[in-house]
Amino acid sequence: MSGDAYARAGVDQEAADSAVAGLVRALGAIELGRPSRQVPLPGHYASVIRIDERTGIALSTDGVGTKLLVAEQLGRFDTVGIDCVAMNVNDVICVGAEPLAMLDYIAIERADPEICEQIGIGLAGGAELAGIEIPGGELAQLGDMVRGIDVAGACYGTVALDAIVDGSAVQPGDAVIGLPSSGLHSNGYTLARAALEGLPLEEDPEGRLGRPLGEVLLEPTEIYVKPVLELLRSEVEVRGLAHITSGGLGNLDRLAADVGYAIDVPLPVPPIFALIQERSGASDEEMHEVFNMGCGFCCVVPATDEEAALALLRDHYPSAGRVGTVTEGPREIRRG
């Protein structure tokens with residue numbers, strides 16, 4: 001596999017971007033007959049709706065994706081619920097909101113009590129890690145439409161309207177602090193599965209990973225809620241927050257400020273990424289576009305607050321570190 005490895009594996013990101021643009025155009029034509037309550041945050045990680053003059057509701061929705069196919073191969077579904085929670089709450093905190101609750105949606109060919117209980121165990125574990133409730137959800141049996149299972153959710157949180165973090169305060173010279181990922185998280189599995197096809201999930205390829213491949217691939221997505229909320233409630237000025245998912249550190253460009261980012265001290269890259277790159281033929285550029293490459297979340301703070309922010313964050317993540325610096329425009333992410 002070489003060239004555009006992700007497209008060859010079955011994901012056309014350009015087509016996906018065009019599809020999303022079409023959806024956004026259609027939804028932008030909604031006529032309410034009243035002023036919109038939506039806070040303008042185009043392209044950001046979560047949406048915010050005003051409920052009064054002071055408070056907003058932050059909203060996000062996401063799913064586990066084709067990581068579920070790995071869970072199905074291994075017959076193990078007790079961690080994918082954590083992924084579902086993580087992918088949602090990590091987006092909600094990016095606007096400075098505190099996640100409060102999530103609803104889950106499970107689409108399944110036929111209801112299987114054992115599988116659903118395992119998913120529930122993961123959802124409960126993820127909820128505890130994020131400090132949220134899961135008061136309800138939906139189980140849909142879709143045998144005519146679904147072969148296997150899909151797990152998604154929608155998260156809700158609150159944020160003071162004058163405390164929304166959208167990245168508009170980010171300035172050249174600010175420090176970009178990276179928090180380590182736990183692995184692939186829940187992105188790029190179509191490429192990862194294609195690249196690793198044929199390798200036994202129960203074994204460690206050439207002793208490179210330190211544990212069986214299946215365990216590495218099912219490692220749950222890290223939940224960053226508690227350390228980020230602690231940072232937001234500290235004396236540190238938090239100017240930008242970015243959940244590093246598909247798109248890699250390019251997700252920093254979703255912050256509002258018209259600046260660039262120089263990433264010159266990246267966090268260590270877990271060995272699973274090198275294995276995927278070798279077997280897929282993906283370029284360095286494509287790997288960084290598809291995967292988090294070891295950095296799952298970024299916090300942008302003034303250079304004067306860097307030490308205080310790192311002291312706080314390293315209580316949770318000893319390997320957290322400054323990965324780069326904000327630069328004058330143009331809006332681009334430069335590595336190396």
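Biologist: What makes the contact between the side chains of Lys67 and Asp83 a salt bridge?

Modeller: In this predicted model, a nitrogen-to-oxygen distance of 2.8 Å separates the side chains of Lys67 and Asp83. The cut-off for a Lys or Arg nitrogen and an Asp or Glu carboxyl oxygen is within 4 Å, so the pair counts as a salt bridge. Lys67 belongs to helix 3 (residues 67-74) and Asp83 to helix 4 (residues 80-92), so the pair ties together parts that are 16 residues apart in sequence.

Biologist: Why is Lys67 called buried?

Modeller: Its relative accessible area is 0%, and buried means under 20%, so Lys67 fits the word. Asp83, also with a value of 0%, counts as buried too.

Biologist: How do you know whether Arg110 is buried or exposed?

Modeller: Good one! Arg110 has a relative accessible area of 61%, and exposed means over 50%, so Arg110 is exposed.

Biologist: What about Glu109, which meets Arg110 in a salt bridge?

Modeller: Glu109 has a relative accessible area of 26%. Partly exposed lies between under 20% and over 50%, so Glu109 is partly exposed. The distance from N to O in the salt bridge of Arg110 and Glu109 is 3.8 Å. Shared partners join Glu109, Arg110 and Arg147 into one network.

Biologist: And why is Asp78 called partly exposed?

Modeller: Its value of 28% falls between the two cut-offs, 20% and 50%, so the label fits. Arg76, at 34%, is partly exposed as well. The side chains of Asp78 and Arg76 form a salt bridge, 2.8 Å from N to O.

How values were computed:
Residues are numbered from 1 along each chain as its sequence is written. This is a predicted model: local features need pLDDT of at least 70, side-chain atom pairs count only at pLDDT 80 or more; totals for chains, interfaces and linings use all residues. Side-chain values use heavy atoms; hydrogens and water are left out. Helices (H or I, at least four residues) and strands (E, at least two) are DSSP runs, numbered from the N terminus. Buried means under 20% relative accessible area, exposed over 50%, partly exposed in between (1.4 Å probe, protein chains only).
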